[in-house]
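User: Please take a close look at one part of this protein, the nonpolar core, and set it in the context of the rest of the fold.

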Amino acid sequence: AIGMQGGRMAGVPGEDAEGVQTGVDFLRNVNQDHSVKLNGETVVIGGGNVAIDVARTAVRAGASKVTMLCLEGANEMPAAKDEVEEAKEEGIVVNNGWGPKEVLTENGHVSAVVFKKCTQVKDADGRFNPQYDENETITIPCENLLLSIGQSVQWGDLLKGTKVELNRNGTAQADPLTLQTAEPDIFVGGDVFTGARFA
């Protein structure tokens, strides 16, 4: 039950630049070292409760301006409504309906993010399958980019030499009732079995 401690990248050009990190890494760094500071404008990508935590923590870490962008419309955002309102009260700008297209860099450091208009987040069957209007874009300058678009399980060598089987998303396969894996004495629970959920 180690949770999903890793972040996810967006898979767009330029995201390996300096100043780009996952939201969960940023939260971990700030919580382990309260002297961690952000300078300048910060962009947060994501629309869930973790993304809100990342954005509000960025404000406390000294970011001069925090802008949050997500694929979902205002009413579809997975984040709790009161969390979104509290973020806005802290001066965080929330832009709905945009997905990252490219990270622009200057001397190896992030300088701006180009976003494309998201026209639809899910397909007719309700599956996550975002569609975009590639011609409608906005560019937002920033010195920090924090990606909070999902989490991943960091197993390391924990399961090395075991019979535990993993799903495509890195979670463990287990009996839904007993939570027992293919390795009889290894059981799983929490996010490593269900995928990311709110406690």
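Analyst: In this predicted model, the largest nonpolar core has 22 residues, and the members that touch the most others are Phe-26, Leu-38, Val-44, Ala-58, Val-66, Met-68 and Leu-146. Four elements each supply at least two residues of this core: helix 1 (23–32), helix 2 (49–60), strand 4 (65–70) and helix 3 (81–89). Helix 2 gives the largest share, 5 residues. In soluble globular proteins, nonpolar side chains tend to be buried together.

Leu-146 can serve as a way into this core. Apart from neighbours within four places in sequence, Leu-146 is in contact with Phe-26, Leu-38, Val-44 and Ala-58, which are also among the core residues that touch the most other members. The contacts of Leu-146 further include Val-43, Ile-45 and Val-54, together with Gln-21 and Thr-42.

A second core is separate from this one and has 15 residues, including Leu-69, Val-103, Cys-142 and Leu-147. Strand 4 (65–70) supplies at least two residues of the largest core, while Leu-69 belongs to the second. Likewise, Leu-146 is a member of the largest core, and Leu-147 is a member of the second.

Val-103 of the second core leads to the sheet, as strand 6 spans 98–106. Three strands make up this open sheet, in the order 6-7-8 and with antiparallel pairing. Its edges are strand 6 and strand 8 (128–141), each of which pairs on one side only. From one strand to the next, the twist averages 25 degrees. The antiparallel pairing of strand 6 with strand 7 (residues 109–122) runs over 8 bridges. Within strand 7, Ala-112 is the residue that Leu-104 stands opposite.

As for the whole chain, the protein has 4 helices and 10 strands, and the order along the sequence is β-β-α-β-α-β-α-β-β-β-β-β-β-α. Of its 199 residues, 42% count as buried. Among contacts between residues at least 6 apart in sequence, 60% join residues at least 24 apart. The radius of gyration is 18 Å, which agrees with the value near 16 Å for a compact globule of 199 residues. Taken along the principal axes, the C-alpha atoms fill a box of roughly 50 × 45 × 35 Å. The accessible surface comes to about 10,900 Å², and carbon and sulfur atoms account for 47% of this surface.

Terms used: Residues numbered from 1 in each chain as written. Predicted model: local features only at pLDDT ≥ 70, side-chain atom pairs only at ≥ 80, totals over all residues. Heavy atoms only, no water. Core = buried A, V, L, I, M, F, W, Y, C linked by side-chain atoms within 4.5 Å. Buried < 20%, exposed > 50% of the residue type's maximum accessible area, 1.4 Å probe, protein only. Contact = heavy atoms within 4.5 Å. Pairing = 2+ DSSP bridges. Axes fitted to C-alpha atoms, helices over the stretch in contact; angles between N-to-C directions. Rg over C-alpha atoms; globule rule 2.2 N^0.38 Å. Areas by Shrake-Rupley, 256 points an atom, 1.4 Å probe, with all protein chains shown as cover.
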